[in-house]
Amino acid sequence: MATALAAASSAHAQTQGAPLRIHVRGSAQIDAVAWTEPNDGFVVRGTVVDDARSAIAEAPLSIDALTSTGAPTGLPAMDGCAADGAARVREPRPSQGGYVIATDERGGFCLRGRAPLAGATLRIRFPGGKLYDAVEAKIPIEANAAPLAPVILRFDPPVDAVDLDRPTVNVTVALRIDRSGARDVPSGAPFERERLPVVLEDERGAQLAEAPTGGDGRARFELPTERLDGAGQGMLRARFDGTATLAKAIVSQGVVRYAQVTLELSRPVEPTRAEDGVPIDLEVRSSRGPVEGGVVEALRAGEPVGAAAVTDGKARVIAAFTAEREGTVPITLRYVPASPWWIPGAELAIDVPVAGPGAWRQLALGAAVLAIAGWVLGGWRRAPKRAAARASDERPVAPPGRAGVRVMGPLEGATGWRGAVADAHDGTPIARAEITIVVPAFDGSGVIARALTDDVGEFLLEAPYRSDAKLVVRAPTHSSHEQALPSPSKLGIALVTRRRAVLDRLVRWARRQGAPFEGPPEPTPGHVRRVASRVQQREVELWASRIEHAAFGPDPVDEGLEQDLGTSEPKPGVSQLAP
């Protein structure tokens with residue numbers, strides 16, 4: 001998944017003329033276990049993975065020890081050992097009371113202490129870097145009375161998404177005994193991998209289920225989704241507590257729990273003059289209860305006539321349009337998610353009773369419609385429609401509402417990437433988007449592969465995987481996106497239009513300022529411009545005018561204009577109201 005979707009991004013203002021880049025730092029996770037070896041010290045082994053469960057190779061790790069009271073204590077001399085069957089042993093080096101070791105190409109690491117350290121806890125730190133945030137894990141050293149064979153767990157296949165609308169989700173955990181790491185255990189000694197208990201937990205540490213392994217070393221779970229938390233990002237953790245001959249093991253898998261959203265009228269719509277705006281009160285719910293976040297749009301004949309944010313499962317949409325006579329007008333309501341875990345359900349079609357406008361209101365009506373168009377989520381803030389995507393037997397994925405890359409699944413035997421690029425808000429495929437893989441370079445561009453999307457937004461990219469590489473995506477009408485390169489897989493890439501990006505910039509700016517710039521129901525360029533004129537803030541007034549022209553004007557917004565509008569954003573203090 002993209003985690004696709006779980007990474008933090010920040011837009012950095014660049015110097016004049018330089019391209020706008022969005023730098024993304026992913027999260028990292030350390031999965032490790034440690035145990036004593038009778039009269040022979042202890043062993044710690046584990047892996048470092050990113051939020052898409054891809055291995056982080058060559059990750060530097062620092063390891064020190066703490067007593068039961070949390071005080072630092074010295075570590076004995078240590079040697080490297082094979083990590084998960086790796087061909088090459090990584091040797092540690094001493095560093096400030098502990099040791100430093102780098103992960104192998106599979107993200108694994110293994111250390112063997114030459115002296116006992118029972119009752120202590122190992123603190124393992126990954127400092128992070130340009131691509132990943134720092135992370136720390138504390139691993140207690142389990143005491144054992146006999147030599148143990150290392151155990152490796154993995155989700156097979158990986159589970160990166162859970163449909164909460166289904167009654168159950170199937171999870172399989174494979175358990176493998178690493179005989180090569182079973183030091184001091186007689187070679188050929190039998191290891192029983194059947195009927196070994198494996199526990200499944202969530203990110204809260206709550207036990208979800210327990211199942212024994214079968215003869216193939218796999219524990220199979222038919223997990224009721226009602227035991228899981230609500231829609232959002234989460235984690236599944238499989239745990240094996242060890243036996244008299246097998247070491248303890250643990251593995252984690254990041255997941256996104258998603259649910260479908262339904263719309264219902266919370267009360268009948270009362271007859272109202274259309275030009276005054278027709279209030280439509282809605283219940284926005286899922287199988288897990290009220291929905292938080294996102295927007296409900298109202299459309300008449302396919303054109304947006306109103307929108308409202310969803311809060312605590314409720315939304316009030318004010319639909320404003322022209323009605324030539326009294327009667328009913330068909331309106332379609334749809335949910336637009338702001339988070340990838342909400343899946344829009346069927347659109348709600350209703351007939352709205354209206355009264356025709358008086359003749360004296362005709363001129364004011366046109367102005368009202370134009371004002372509403374400044375804040376509804378609709379045509380002005382979307383990219384031009386493209387051809388429909390190719391048919392697929394997979395369940396459609398809702399637009400995430402923000403730029404990002406989601407890992408949709410593995411590609412068996414693949415050495416590259418394939419997938420599709422689409423608009424982050426309406427899911428429209430983006431043609432002629434450029435996808436490049438860039439690696440650090442002292443000179444030159446550092447580009448090792450490049451591909452363009454076809455007419456339905458699909459692409460194929462072939463290149464060797466490098467853990468230090470970045471994926472950069474650019475498109476004619478959309479903001480650029482950059483992040484760490486996932487391992488070879490099927491990708492779903494979402495981009496935000498430049499029109500929407502510059503308008504969202506103004507909305508965020510106005511909300512930081514508060515009243516009177518914020519304005520109900522959502523700040524618009526026109527509102528900010530008028531407030532700035534009234535309080536004699538000339539810089540803010542000019543900036544809001546440029547945003548208004550870029551977001552709603554006939555000319556396309558190119559990369560240079562988007563960057564210039566970002567660098568010219570009024571700084572804190574400029575917008576202070578005049579006395």
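Author: A crossing counts as left-handed if the near helix is turned anticlockwise from the far one by less than a right angle, and as right-handed if clockwise. Happy to take questions on this predicted model.

Reader: Is the crossing of H4 and H5 left-handed or right-handed?

Author: Let's start with the pair: helix H4 spans 525-534 and helix H5 spans 538-552. Where H4 passes H5, the crossing is left-handed.

Reader: Are H4 and H5 roughly parallel or roughly antiparallel?

Author: Their axes lie 8 Å apart, and the packing angle is about 160°. Angles over 145 degrees count as roughly antiparallel. Therefore H4 and H5 are roughly antiparallel.

Reader: How many residues of the contact of H4 with H5 are nonpolar?

Author: On the H4 side, Val528 and Ala532 are among the residues in contact, and they meet an H5 set including Val540, Ala544, Ile547 and Phe552. Charged residues take part too, among them Arg529 in H4 and Glu541 in H5. The contact holds 3 charged residues and 3 polar ones, while the nonpolar residues number 7.

Reader: Which residue in the loop between H4 and H5 has a positive phi?

Author: Most residues other than glycine have a negative phi. In this loop, one residue other than glycine has phi near 60°. That residue is exposed, with a relative accessible area of 69%, and its name is Gln536.

Reader: Where is the cis peptide bond that leads into Pro157?

Author: Pro157 belongs to the loop between strand S13 (151-155) and strand S14 (161-163). With omega near 5°, the cis bond runs from Asp156 to Pro157.

Methods:
Residues are numbered from 1 along each chain as its sequence is written. This is a predicted model: local features need pLDDT of at least 70, side-chain atom pairs count only at pLDDT 80 or more; totals for chains, interfaces and linings use all residues. Side-chain values use heavy atoms; hydrogens and water are left out. Helices (H or I, at least four residues) and strands (E, at least two) are DSSP runs, numbered from the N terminus. Buried means under 20% relative accessible area, exposed over 50%, partly exposed in between (1.4 Å probe, protein chains only). Axes are lines fitted to C-alpha atoms, for helices over the stretch in contact, and angles run from 0 to 180 degrees between N-to-C directions. Angles under 35 degrees count as roughly parallel, over 145 as roughly antiparallel, 65 to 115 as roughly perpendicular and the rest as oblique. Contact means heavy atoms within 4.5 Å. Ala, Val, Leu, Ile, Met, Phe, Trp, Tyr, Cys and Pro count as nonpolar, Asp, Glu, Lys and Arg as charged, and the others, Gly among them, as polar.
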